Amino acid sequence: MVRASRLPAIASFALQGRIDRRGVDPLALLANTRPLEVDEPMLPFGEQPSFGDALHVGIDQAFALQGAQLTLHIGLANAPGATPAGVTAALASGDLALVWEFWDGRTWTAIKPSTDTCDRLTKSGGIAFTLPVAPATRALAGVTACWLRVRIAAGDYGKTGRFTLVTKDGNHKPICGNRYSRT
């Protein structure tokens, strides 16, 4: 028989783990509330991005833990200097500001990337975050997930084309009802 004083006596027990998984697709992507295909080229803020437009990234709850380190790998189809013929490179205005946020169960909470090599989504690269608290699940567009989002807080990726008629007397009159083009 062994004496009780010689047996291990555990006063506390804690488990620490690290999940290191690469190449995991998001559960869903939404341009505002419109679903996007995860494995196809996409316009993250829609065809005419403007102030307040957002790209939502649905992540699995297994990755949404307090202190979790997440990295989003972004591959642009139209990165400057790497665009195929006939494709216009992504271009941000000088004042473009993107805000990254996550849903905490009550509100969208701003989160600053620890690394961002994508230059406001105009270059291919990575955006890394450490979650200060665990995100909460929420249903968006019929998908329940933990959500990160990036929102246009200022600036733009180009202005909508504007057309003006210059009359013989030099007056400028806006032309209404025409299709818009990007400039």
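**Figure 1. The salt bridge between aspartate 119 and arginine 120.** The side chains of aspartate 119 and arginine 120 meet in a salt bridge, with N and O atoms 3.5 Å apart, in what is a predicted model. Side chains of opposite charge can pair when their charged atoms come close. Both partners of this pair keep some accessible surface: aspartate 119 is partly exposed, at a relative accessible area of 34%, and arginine 120 is likewise partly exposed, at 24%. A search of the whole structure returns three salt bridges, and the view that follows turns to Glu101, Arg149 and Arg151, which salt bridges with shared partners join into one network.

**Figure 2. The network of Glu101, Arg149 and Arg151.** Glutamate 101 pairs with arginine 149 in a salt bridge whose closest N and O atoms are 2.6 Å apart. Because glutamate 101 lies in strand E5 (residues 97–103) and arginine 149 in strand E10 (residues 143–154), this pair ties together parts of the chain that are 48 residues apart in sequence. Glutamate 101 also meets the side chain of arginine 151 in a salt bridge, at 3.0 Å from N to O; this pair, too, links distant parts of the chain, with glutamate 101 in strand E5 and arginine 151 in strand E10, 50 residues apart. Glutamate 101 and arginine 149 are both buried, and for glutamate 101 the relative accessible area is 6%, which is under the 20% limit and therefore counts as buried.

**Figure 3. The surroundings of histidine 56.** Histidine 56 is found in strand E3, which spans residues 54–59, and with a relative accessibility of 8% this histidine counts as buried. The side chain of histidine 56 reaches the backbone oxygen of asparagine 32 at a distance of 3.1 Å. Leaving aside residues up to four places away in sequence, histidine 56 touches Ala28, Leu29, Leu30 and Asn32, together with Trp108, Leu140, Trp147, Leu148 and Arg149. Arg149, one of these neighbours of histidine 56, is also the salt-bridge partner of glutamate 101 shown in the preceding view.

**Figure 4. The nonpolar cores and the contacts of leucine 98.** The largest nonpolar core holds 28 residues, of which Phe45, Leu98, Leu121 and Tyr157 touch the most other members. Two or more residues of this core come from each of strand E1 (28–31), E3, strand E4 (69–74), E5, strand E8 (125–130) and E10, and E10 gives the most, with four residues. Leucine 98, when residues up to four places away in sequence are not counted, touches Phe45, Arg120, Leu121, Val150, Arg151, Ile152 and Tyr157. Apart from the largest core lies another core, of seven residues, among them Ala28, Leu30, Leu140 and Trp147; these four named residues are also among the contacts of histidine 56.

**Figure 5. The setting of the close-up views in the whole protein.** The secondary structure of the protein comes to zero helices and twelve strands, so that the elements, read from the N terminus on, run β-β-β-β-β-β-β-β-β-β-β-β under the DSSP assignment. Of the 183 residues in the protein, 30% are buried, and the protein exposes about 12,700 Å², of which carbon and sulfur atoms supply 53%. Among contacts between residues at least 6 apart in sequence, 61% join residues at least 24 apart.

Technical notes
Residues numbered from 1 in each chain as written. Predicted model: local features only at pLDDT ≥ 70, side-chain atom pairs only at ≥ 80, totals over all residues. Heavy atoms only, no water. Buried < 20%, exposed > 50% of the residue type's maximum accessible area, 1.4 Å probe, protein only. Polar contact = N/O pair within 3.5 Å; in protein donor to acceptor, adjacent residues only side chain to side chain. Contact = heavy atoms within 4.5 Å. Areas by Shrake-Rupley, 256 points an atom, 1.4 Å probe, with all protein chains shown as cover. Salt bridge = Lys/Arg side-chain N within 4 Å of Asp/Glu carboxyl O. Core = buried A, V, L, I, M, F, W, Y, C linked by side-chain atoms within 4.5 Å.
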